[in-house]
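Dear colleague,

Here is the structure I promised to pass on, with my notes on it below. Please read them with the sequence and the model open beside you.

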Amino acid sequence: MSKEYTAPNTETVQVESSVVLKIVKHASKHFPTPVSGPLLGLDTNQKVLNVSHAFPFPTIGESNEGYSYRIKSNQKYVHDLTEQMKIAGHATQFVGWYQSTTSANFLNHFTIDNLLGAQINNNANSILFVHDASKLKKGILSLRAFRLSENFVKAYLNNGQSNKFTRKILVDNELNYKNFLVELPIQIHNSQLISLFLNDLKLKINEYHLDDLNVNNLIDLNSDEDLAQKENKNTLLENFGPLNLSGLEDSTLIINKLVDSIDDYNYDLNNFNYYQRQLSREMAKVQQWKQKAKQDGKPVDLENDWKSLFKLPTEPSRYDNLLISASIDGFCDDLDLGCVSELAKTFTVKGGFDN
Amino acid sequence: MSEEILNLVRPNIATPIANASVSAFSVNPLTVKIQSPALLSILESSLRSEDNIRTIGALLGTRSDDGSELEIHDSYIIPHEEKDDEVTIDEHNHKSLFQLYRRSNPKNQIIGWFQTSNSLDTVTSLVHDFFNSADGTFPHAAVHLTLQSRDQDNNAIIPIVNTFVSTSVGSGNAESGSNSLFTQIPYEITYTSAESLALNQSMNSGEANLIDLHKSYNDLVQVEQNLAKVNKLLDANITYVEKILAGEIEVDGKVDKIGKFLISNLLLFSSNYEGFNSNFNNYIQDTLMIEYLVSSIKTQIELSAKLTTIV
C-alpha cells in the first residue's frame, strides 16, 4: 500500500492566478461554510511545485474541516479527473487540496491525517492550501501552503504508522507544535499573457479614475459595498470596505474558537497530569520494593524484575496536545495581526483627525 | 426629417435551432458575462497552443430563463486534431470532463466553446456545428469565444477576446460545413468583490511575474497598500478642491458631493470632538489589551510545550 517515503524535493509553491481566483470564488460563494477541492499540478525538478488547476469537491463533507478528501466519491472524482486531464493533454497530477477556513481552525485530526496519507501514499510533495475566507472581508487575500515536516512523517512511520507520540518520540525527532507543520513560500505566477491582460485592465481602470478625479471613490468611503459593486470598475481597484474599523468584531469569532481550543488543551493537560501522578505513585512503589528486596538480600535483578510485578501506566499520546497547541498559536497569531492592522488603521484616522 | 437611419439590431437568441421545443425565445439582445476566473483559465489555455495550432475548449455556465443572458463560469480544453479542412474532436474526453465539472457544479451547462485564434474559418464552423448539436448546447445556440494573443506577424499582443453567435445561411446543407455567419456580440467581465481582491493582488507582480503571498506580515503589507491608496485619493481630492479655489476648474457637481461628504461625516465629529476623542482612545486601549492577552497566551503555550518535553 505504502510506497517508500522519500523526502519532498520541492521547497516553494507557484500557483497560477486562475487557481487563486477559483479558490477565492469557491470559498466566498459558500462562506462561512468551509469548502475544499483538489489541486492538480506538477512538481518540477527545480524545487518548485507548480499548481495549475483547482476544482471544487463535488461532495462537501465539511462539518469537519479537512474531511472531504477522505470521502470515497471525492477520491474517485480526483482519480477520474486526473485521468481525463491527462487525456486532454495536461501534464498534471494530484498535488494536494485546498481548504477554506477561519484562522487556524483547519488544524484538526482529519486534515492532518489526510495530509499524512497523501504525503505517504500519494506524493511526498503533496501540499495543503489554506485559504482564510474570513479575511476577505477585511480586504486581505490569505492563501498559505502547508506540508507536514519530514521529521513528523518519519516519526509516524517509525512509530508503526501510529500518531500516538510519546514525549520521547517528540524529543528524538525534535518535533514541537511549531515545526510539525511547515509553511511553504507561495507565489502567484502570472503567465506573460495574463500579466499583459491584467496590466491592460489596470490601465483602462486608471484612466477612468483620472478622468473622474477620484471624487466618487472618496464618497464611497462610507457607502456600503453594494453601491461600490454596482460600479464594477470601482470595485476592481478601489474597495474601501476593508478599511472600516470593524476588524475587532470579526475577532470575536476567533476568540471564541481560541477559548474552545484552550478548554481542549486543559482537558488534554489534565489527562497528562493524571498520568504523571499515576507514574510517580507507581515509581514510589517500585522504589519501596527495591529497598525491601535489598534488605531481604534476595537474589533479584533489581533493574528488571520489578517490571513483572508492577505495571507502569502507558503514556498518553502527545499528538492532541501538538495539534491544539498549534491551533492556539495560529489563532493568537491571527488575532495579533488583526490587532496590529487595526491599530495601523486607527492611528491613520487619528493622525488625520489631529491635524 | 428625411435623415437616413440604418437600424442595426443587436443579435438576440431568436435564432433557434429547434424552435418547436423551446416556447419562449427572448427578443432581448444577447449579453455575455464572463466571470474573471473563467477568463483567466481561458487565457492560460492559450499558452498551450503550439505553433499556429489553436486550442479549443468548452465554455460552461448558466443562461437566464429567457436565454438572453449568458454567464460563463468555467472552461476546459478539449483535445482535437486538424487536418486540412477536417477536424476530429475527442468526444469521449469532452463528455467525461463535462460530467466531472458538472458533478461539483450541477447548474453549469455547456453554453459554447472557445478557441485560441481569431480566425473564423471552416474548422470554426465545423466545431461550432458540433457544439450546436445534441452533445452541446442544443436546443440553444452556442456562443463562440475567440482569444487572439498574437498578431499577424506572430508577435505577442495584449489578448483580445471576442464573443460571437452564429446564424445558418444558405441551404443549410451541413455537408459543406461552412454555412455559418458569425455575428459579434458584446461581452462583459464580471468580478465579485472577493475576486477583485485576488485579481488586485495578481496585478502587483514584479518583473518575474511572481507575487509572494507567504510572508507572515503579508496581511500588514496589504493593509499598508490600502492605506497608501487612500492617501493618494485624498491628495487627488485636495488638489481638485484647490484648483477650484484657484479658479482653474469650473465648479461642477463633484463639489457638491465633497461638500455633502464633509458635512455628513466630518462636521459630526468636530461638534463632539471630546466625546469622539475619548471613544477613539478607548478603542485603541481595547485593541492593545487584546494584543497583550493574546501574546501572553502564546507565551504560556510555548512555555508549556517546553516544560512537558523535558523527559
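In chain B, the buried residues of helix α1 (helices being DSSP runs of H or I, at least four residues, numbered from the N terminus) run through B:Ser36, B:Pro37, B:Ala38, B:Leu39, B:Leu40, B:Ser41, B:Ile42, B:Leu43, B:Glu44, B:Ser45 and B:Ser46, where buried means under 20% relative accessible area with a 1.4 Å probe, protein chains only. Since eleven of the eleven residues of this helix are buried, it is largely enclosed by the rest of the structure.

This is a predicted model, in which local features need pLDDT of at least 70 and side-chain atom pairs count only at pLDDT 80 or more, while totals for chains, interfaces and linings use all residues. Residues are numbered from 1 along each chain as its sequence is written, chains are lettered from A and ligands numbered from 1 in the order in which they are written, and side-chain values use heavy atoms, without hydrogens or water.

Chain A is divided, by an automatic or database domain assignment, into domain 1 (12-192) and domain 2 (248-354). Between these two domains of chain A, 24 residues of domain 1 are in contact with 22 residues of domain 2, contact meaning heavy atoms within 4.5 Å. Across their interface the rule finds one salt bridge, defined as a side-chain nitrogen of Lys or Arg within 4 Å of a carboxyl oxygen of Asp or Glu. The side chains of A:Arg167 and A:Glu315 meet in a salt bridge, at 3.0 Å from N to O. On the side of domain 1 of chain A that touches domain 2 of chain A, the elements giving two or more residues are α3 (109-122) and α5 (167-172) of chain A, and α3(A) gives the most, with three residues.

Best regards

Notes. Buried means under 20% relative accessible area, exposed over 50%, partly exposed in between (1.4 Å probe, protein chains only).
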